[in-house]
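Let's take a walk through this structure together. Have a look at it below, and then we'll go from one spot to the next.

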Amino acid sequence: MSIVTMRQNGYGINTHVVKIANRECPCGKWNQFGIPCSHAKKVCGAYNISVASMVKDYYDLMAYKNTYSKYVEPVQSEDYWDISEFQLIHDTNIRISTRPGRNHTTCIRNEMDWQQTRARQEAQ
Ligand SMILES: [Zn+2]
């Protein structure tokens with residue numbers, strides 16, 4: 001079933017073909033969050049289907065209980081660890097990168113960084 005949405009001013013008309021059997025909507029929210037989106041809710045209402053029954057199974061109470069039903073062994077103090085047959089040596093010259101090329105920072109430099117750089121350069 002397809003759902004047509006529109007804004008009040010008439011712009012942004014979108015058509016979403018909801019596939020109830022596959023629990024899919026092209027908007028992607030249902031698949032991403034596991035909870036039916038507004039389009040899917042509208043289709044459920046049209047076909048008199050319970051929206052709660054369309055929520056992904058991992059939100060089910062039994063799934064939650066099963067997830068945490070097992071005992072988690074706590075990690076003991078390092079004193080209780082087995083002695084290894086080899087010694088780990090930290091070599092600062094070895095760097096393993098998961099990506100090819102040079103690493104780039106994601107930090108966005110601002111006025112504070114500029115002031116610190118300027119002060120460092122002036123001190124030299
Ligand atoms: Zn949707």
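How are the donor residues of the zinc ion spaced in sequence? They follow the pattern C-x1-C-x9-C-x1-H. Keep in mind as you look around that this is a predicted model.

Let's put names to that pattern. The zinc ion is held by Cys25, Cys27 and Cys37, each through its SG atom, and by His39 through ND1. These contacts run from 2.1 to 2.3 Å. What arrangement do the four donor atoms make around the zinc ion? Their angles come out at 106 to 114°, and that makes the arrangement tetrahedral. For a sense of scale, the ideal angle for four tetrahedral donors is 109.5 degrees. How covered are the donors themselves? Cys25 has a relative accessibility of 8%, so it counts as buried. Cys27, with a relative accessible area of 26%, is partly exposed, because buried means under 20%.

Now step back and take in the whole chain. There are four helices and two strands, and starting from the N terminus the order is β-β-α-α-α-α. The protein chain has 124 residues, and 12% of them count as buried.

One of the zinc donors, His39, takes us straight into helix H2, which covers residues 38–46. Which residues of H2 are buried? They are His39, Ala40, Val43 and Cys44. If you look down the axis of H2, these buried residues fall within an arc of 140°, so they line one face of the helix. Over on the other side of H2, you'll find Ser38, Lys42 and Gly45 exposed.

Carry on just past H2 and you meet Asn48, which has a positive phi of about 55° even though it isn't a glycine. That's worth a pause, because most residues other than glycine have a negative phi. Asn48 sits in the loop between H2 and helix H3, residues 61–67. Is Asn48 buried or exposed? With 74% relative accessibility, it counts as exposed.

There's another residue of this kind to visit. Arg23, also not a glycine, has a positive phi near 55°. You'll find Arg23 in the loop between E2 and H1, and its relative accessible area of 25% makes it partly exposed.

Next along the chain is Glu24, in that loop between strand E2 (14–17) and H1. Glu24 counts as partly exposed too, at 38% relative accessibility. How far apart are Glu24 and Pro36 in space? Their C-alpha atoms are 8.6 Å apart, while in sequence the two residues are separated by twelve positions.

For the last stop, let's go to the surface. Phe33, Ile35, Tyr58 and Tyr59 make a nonpolar surface patch of about 440 Å². One member of that patch, Phe33, belongs to helix H1, residues 29–33. Phe33 has a relative accessibility of 45%, so it counts as partly exposed; to be called exposed, a residue needs over 50%.

Conventions
Residues are numbered from 1 along each chain as its sequence is written. This is a predicted model: local features need pLDDT of at least 70, side-chain atom pairs count only at pLDDT 80 or more; totals for chains, interfaces and linings use all residues. Side-chain values use heavy atoms; hydrogens and water are left out. Buried means under 20% relative accessible area, exposed over 50%, partly exposed in between (1.4 Å probe, protein chains only). The arc is that of the directions from the helix axis to the C-beta atoms. Donors are N, O and S atoms within 2.8 Å of the metal (3.2 Å for Na, K and Ca); water is not among the atoms, so sites may look incomplete. Four donors count as tetrahedral if all angles lie between 85 and 135 degrees; four count as square planar and six as octahedral if opposite donors are over 155 degrees apart and all others between 65 and 115; anything else is irregular. Patches are made of residues with over 30% relative accessible area and no salt bridge: like charges are joined within 9 Å, nonpolar side chains (Val, Leu, Ile, Met, Phe, Trp, Tyr) within 5 Å. Accessible areas come from the Shrake-Rupley method with a 1.4 Å probe; for residues, only the protein chains shown count as cover. A salt bridge is a side-chain nitrogen of Lys or Arg within 4 Å of a carboxyl oxygen of Asp or Glu.
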